[in-house]
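Biologist: Please take one part of this model for a close look, and then describe what else bears on the reading of the structure. Which part would you choose, and how is it placed?

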Amino acid sequence: MAQEDISFTDFIASSIHDMKNSLNMQISSLEKIAVKSQEQGDTPTFEQLGVMIYEANRMNANLIQLLTIYKFGKTIYPMDVAEQSVCELIEEAILQDKSIMDFKGISVSIECEEDCYWYFDRDLVTGILINALNNAYKYTSNKIRVAAKIDGRFLEIRIEDNGQGYPAGMLQNDSVSKNKGINFSSGSTGLGFYFSSRVAAMHKNGTDQGSLIIENGGLYGGGCFVVRLP
Amino acid sequence: MTVSLPQSSILIIDDFQGMRTMLRDFVKSMGVTKIDTAATSKEAINLLSTHKYDVVICDYNLGPGQNGQQILEEAKLRKYIGHASIWVMVTAEKTMDMFMGAAETKPDDYLLKPINAALLESRLQKMIAKKQSLDGIEKAVNDKDYITAITLCDQKLQEQPANLQEILRIKSDLLLTVGNHEAARALFEKILGVRKVPWAKTGLGKVYYLTRDYSRAKEIFQEVLEENKMYLEASDWLAKTLDAIGERVQAQQVLVNAMELSPNSAGRHKSLADAAYKNGDLEVAQTAYEKTIKLSEHSVHKSPDVYAKLAKVLTDKDVPDEALKILDRGRQEFKGNAEAAIQASVIESLAYQKMGQPQKAAAAIAEAEKKMADLPGMISVETAMDMAKSLFHLGKKDEACDMLQSIVKNNHENAGIISQVEAVFEGEHLGEEGRGLIKASTQEVIGINNQGVMLAREGKFDESVSLLRKAVEMLPNSEVMIMNLCGMIIGLMKKQGRNEAMMHEAKSLIDRARELNPNNKKLYDYEAALK
C-alpha cells in the first residue's frame with residue numbers, strides 16, 4: 001500500500017488492533033500464571049495478578065471506547081440496532097470480566113427473564129456494561145447485581161454494588177451526559193461515563209431516547225449505574 | 001452441524017503466532033482434539049480445500065493478502081465449507097466494510113477482541129445450537145427448495161421460538177426470493193408495526209422496487225438512510241431505484257456517498273462503475289471497474305463481465321490497445337467460459353474498429369459467431385447489442401438486424417430493452433426501419449403465444465405444449481415464452497396426470513426463468529403447483 005493511501009483512521013485502527021492483540025495475549029498469559037499460583041497456594045501472587053489483569057482489561061476497554069468515540073465523530077461507526085437477548089448480553093459481559101471478579105472474590109448475580117429481548121447495538125451496549133462492571137469492581141465490597149427489565153417503552157439495566165456509593169460531587173447532576181472533567185488523582189478521565197451516555201443517547205425509537213443515570217441506593221445500598229434504552 | 005463441540009474439527013486462522021497458540025489452547029480446554037491452524041490466507045485456503053471443518057475461527061485482519069471476509073467468500077464460492085459449518089470472525093474493531101458491506105456472504109458470528117476461553121465457548125455452544133435448530137431450513141435453501149424452506153419457517157414460527165425475529169428475517173428473504181411480494185409486504189408491515197427496524201423497512205422498500213412502485217421505494221430507502229445513514233444496504237437499493245427511474249446522476253452520487261463509508265465492497269464498486277458508464281463519466285467508471293476486479297479476485301463477485309465492461313470503457317476512452325490487454329487478462333482468468341469468450345471477442349471487435357483495423361475486427365466477430373453457434377441463446381442482451389453495433393460498423397447490416405430482432409423476440413415485453421434496441425437503430429440512422437422490425441418481431445412472438453393460449457382453451461394442451469416447445473427452442477431467453485410453456489405443461493399434467501419427464505421439464509423451465517428474472521411473480525405459483 002502506498003504511503004498516501006493510509007488514512008488516519010486506518011492508522012489508529014491498525015495500531016489499536018495491534019495493541020489489543022498484545023493485551024489479549026497478556027491477559028491470557030496472566031490468567032494462566034494466576035491459576036498456577038492459586039494451585040500452589042501462593043495467595044499474594046494470585047491477588048497481585050488479579051490487579052494486573054483488571055488494569056489490562058481497563059486498558060482494553062479504554063482503547064475500544066476511544067476508537068468508537070472517534071468513529072462516532074466521523075460517522076463511520078456501523079451502528080447495528082437489532083433485537084437481542086438481554087440475558088445473553090449480560091451473561092457475556094460478565095464472562096468477559098469473570099476472571100477479575102473471581103480474583104477479588106466478588107459474586108455477580110443476574111436478574112433477568114429468559115425471554116427478555118430488546119433492540120440495541122450488541123457491541124456498544126456490551127461496552128457500557130463492561131465499563132459499569134469495571135467501576136463496580138473498584139467500589140464494591142463483594143457483591144454486584146445486574147438487573148434488567150422492560151419498563152414501559154424502555155429497557156432498564158441496573159448495575160448495583162454494595163460499596164460506599166458514588167461521592168456526592170458526582171451525583172450533582174441527575175444525568176451523567178455532561179463531561180465530569182478529568183481528575184488525575186482519582187484516575188477518572190470521565191471517558192467511561194462519556195462513552196456510556198453517548199451510546200445510550202444514540203439509541204432512539206421515535207421520540208424516545210436512551211439515557212444514563214448514576215445514583216446511590218438500590219438493593220445493596222451502594223452505587224447504581226442505570227442505563228435506559230428505548 | 002450435528003456434532004458436539006468436543007467432536008468438531010476446528011481451523012484457526014490468525015497471522016499472529018501468539019494469538020494462534022492462545023486460541024488453540026482455548027479450544028483444547030473445551031475438549032476439542034481436531035485442531036489445525038493457518039498463519040496466512042494461502043495456508044488457510046490450502047487447508048480448507050483439503051479438509052472438512054465444522055468450525056472456522058478466523059481473524060479478520062491478516063496483513064497483506066486476503067482478509068478474513070475474502071477467505072470466507074472464496075471458501076463458500078468453492079464450496080469448501082457447507083451450510084452446516086460455523087464461521088466465526090475475530091476482529092479488534094467493528095468496521096463498516098465488515099458489517100454494512102453489500103456482502104451476501106456473512107460469517108455466522110463475530111467476536112470482538114479480547115477473547116477469553118469462557119466467552120468463546122459460550123458463543124460456540126450457542127452457534128451449534130442455532131445451526132441445529134435452523135438446519136432443515138438452511139439445507140432447503142442450499143438445495144434451492146425455497147417452498148419447503150418457507151414451510152419449515154412457518155412451522156418454527158408456530159413454536160414461538162426465542163429467535164423469532166431471525167426466522168421472520170429468513171422467511172421474508174425467502175418470500176422475496178420466490179417472488180411472493182404480497183406475502184413479503186404483509187410480513188414486513190407486521191414487523192414494522194411492532195418496531196421500526198431498518199432491515200424490515202429496507203425489505204418493504206425492496207417489495208416496492210420489485211413491484212415497480214419506484215416512487216414509494218425511493219421514499220422508503222431515503223427514510224431508512226435519514227434514520228441511520230450507516231445502513232448502506234438501503235443506499236445500494238436507493239441507487240438501483242434512482243437508476244430505474246432515470247435519475248442516474250443522483251444514483252451515482254448515492255453510491256459515491258456510500259463508498260466513503262464503506263470503501264471495500266466489490267459489488268458496490270461495480271454498481272458505481274455501471275452508473276458512471278451510463279452517465280458517460282468514463283474516468284470514474286474505469287477506476288471503479290478496476291477496483292471491482294481487484295476486490296473481487298477471490299469472491300463471488302468475480303465475473304468476466306467486469307473485464308469486458310472495463311475494456312468497453314477503455315475503447316470509449318480512445319485507448320483501445322489498453323482494452324485489448326484487459327480482454328487478454330480476462331481470457332486468462334476465465335479459461336473455458338464460452339460465454340465470456342464470446343463477450344471478449346465482441347468487445348475486441350469494437351476495439352479493433354477504434355484502432356482502424358477492420359480486418360481484425362471482422363475476424364473477432366467471426367470468432368464470436370463461431371462460438372455462438374455452439375451456444376445458442378446463452379449470451380447476455382448487452383453482448384448481443386454490442387455485437388449488433390460491431391456488425392453495423394463492419395457493414396453487415398442484415399446480420400446486425402437479425403441480432404437485434406432476436407433480442408426483441410426474446411424480450412418482447414421488456415420496455416427497457418426494446419428502447420435500447422431502438423437506440424441502437426437510431427445510432428445507425430435506421431430509426432424508421434428499426435421500429436418496423438421491432439414491431440414485426442413483437443407481433444410474431446405475440447402470435448405464437450396467442451395460438452398457444454387458444455389451443456389450451458380448446459383443451460388441446462399437448463398441441464399447445466409442442467408449439468411452445470418449438471418457440472422456446474427458437475427463443476431460449478424469452479422469459480414470457482418459458483413461463484407460458486411451463487404453465488401449459490402444468491395444465492397438461494393436471495389433465496393427464498403427472499409424469500417424471502414433464503415434472504423435470506417444468507422444473508428446469510422454472511430454474512431458467514429464475515436466472516433470467518428472479519422476480520417473476522408466476523415463479524412462486526408454478527413452483528407451488530409442482531409441489
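Modeller: The expected span of a helix is 1.5 Å times one less than its number of residues. Helices (H or I, at least four residues) and strands (E, at least two) are DSSP runs numbered from the N terminus. This is a predicted model, in which local features need pLDDT of at least 70 and side-chain atom pairs pLDDT 80 or more, while totals for chains, interfaces and linings use all residues. Residues are numbered from 1 along each chain as its sequence is written, and chains are lettered from A and ligands numbered from 1 in the order in which they are written.

The part I would choose is helix H19 of chain B, residues 381-393. Its 13 residues should span 18 Å at 1.5 Å a residue, and the computed distance of 19 Å between its end C-alpha atoms agrees with this. A residue is called buried with 20 or more other C-beta atoms within 10 Å of its own, exposed with 12 or fewer, and partly exposed in between, C-beta atoms being placed from the backbone. Ten of the 13 residues of H19(B) are buried, so the rest of the structure largely encloses this helix. The buried stretch comprises B:Thr383, B:Ala384, B:Met385, B:Asp386, B:Met387, B:Ala388, B:Lys389, B:Ser390, B:Leu391 and B:Phe392. It thus takes in B:Asp386 and B:Lys389. The cover over these buried residues includes four helices of chain B, namely H17 (338-354), H18 (358-374), H20 (397-410) and H21 (415-427). After H19(B) comes B:Gly395, which has a positive phi near 80°.

One of the covering helices, H21(B), can be examined in the same terms. Its 13 residues should span 18 Å at 1.5 Å a residue, and its end C-alpha atoms, 18 Å apart, agree with that. H21(B) is followed by B:His429, where phi is again positive, near 55°.

Most residues other than glycine have a negative phi. Two further residues of chain B depart from this pattern. B:Lys144 has phi near 60° and sits in the loop between H5 and helix H6 (146-158) of chain B. With 10 other C-beta atoms within 10 Å, B:Lys144 is exposed. B:Asp318 has phi near 70° and belongs to the loop between helix H15 (304-316) and helix H16 (320-333) of chain B. B:Asp318 is exposed as well, having 11 other C-beta atoms within 10 Å.

Burial in chain B also extends to a strand. Six of the six residues of strand S4 of chain B, residues 86-91, are buried, so the rest of the structure largely encloses this strand. On one face these are B:Ile86, B:Val88 and B:Val90, and on the other B:Trp87, B:Met89 and B:Thr91, which leaves both faces covered. Strands pair if DSSP finds at least two bridges between them. S4(B) has a parallel partner in strand S3 (residues 55-59) of chain B, to which five bridges join it. In that pair, B:Asp59 of chain B stands opposite B:Val90 in S4(B).

Chain B also meets chain A. Counting residues whose backbone-placed C-beta atoms lie within 7 Å as in contact, the interface takes 27 residues from chain B and 27 residues from chain A. Helix H1 (17-29), helix H4 (96-99) and helix H5 (117-142) of chain B each supply at least two residues of the side that touches chain A. That side has 16 nonpolar, six polar and five charged residues; here Ala, Val, Leu, Ile, Met, Phe, Trp, Tyr, Cys and Pro are nonpolar, Asp, Glu, Lys and Arg charged, and the others, Gly among them, polar.

The partner, chain A, has six helices and nine strands. Buried residues account for 37% of its 230 residues. Of the contacts in chain A between residues at least 6 apart in sequence, 70% join residues at least 24 apart. Five of its strands make an open sheet of mixed pairing, in the order S2-S4-S5-S9-S8. The edges are strand S2 (107-111) and strand S8 (211-217) of chain A; each has a single partner strand, so one side of each has no neighbour in the sheet. Within this order, strand S4 (residues 143-151) and strand S5 (residues 154-161) of chain A run antiparallel and are joined by eight bridges. A:Arg145 stands opposite A:Glu160 in S5(A).

Definitions and conventions. Contact = placed C-beta atoms within 7 Å.
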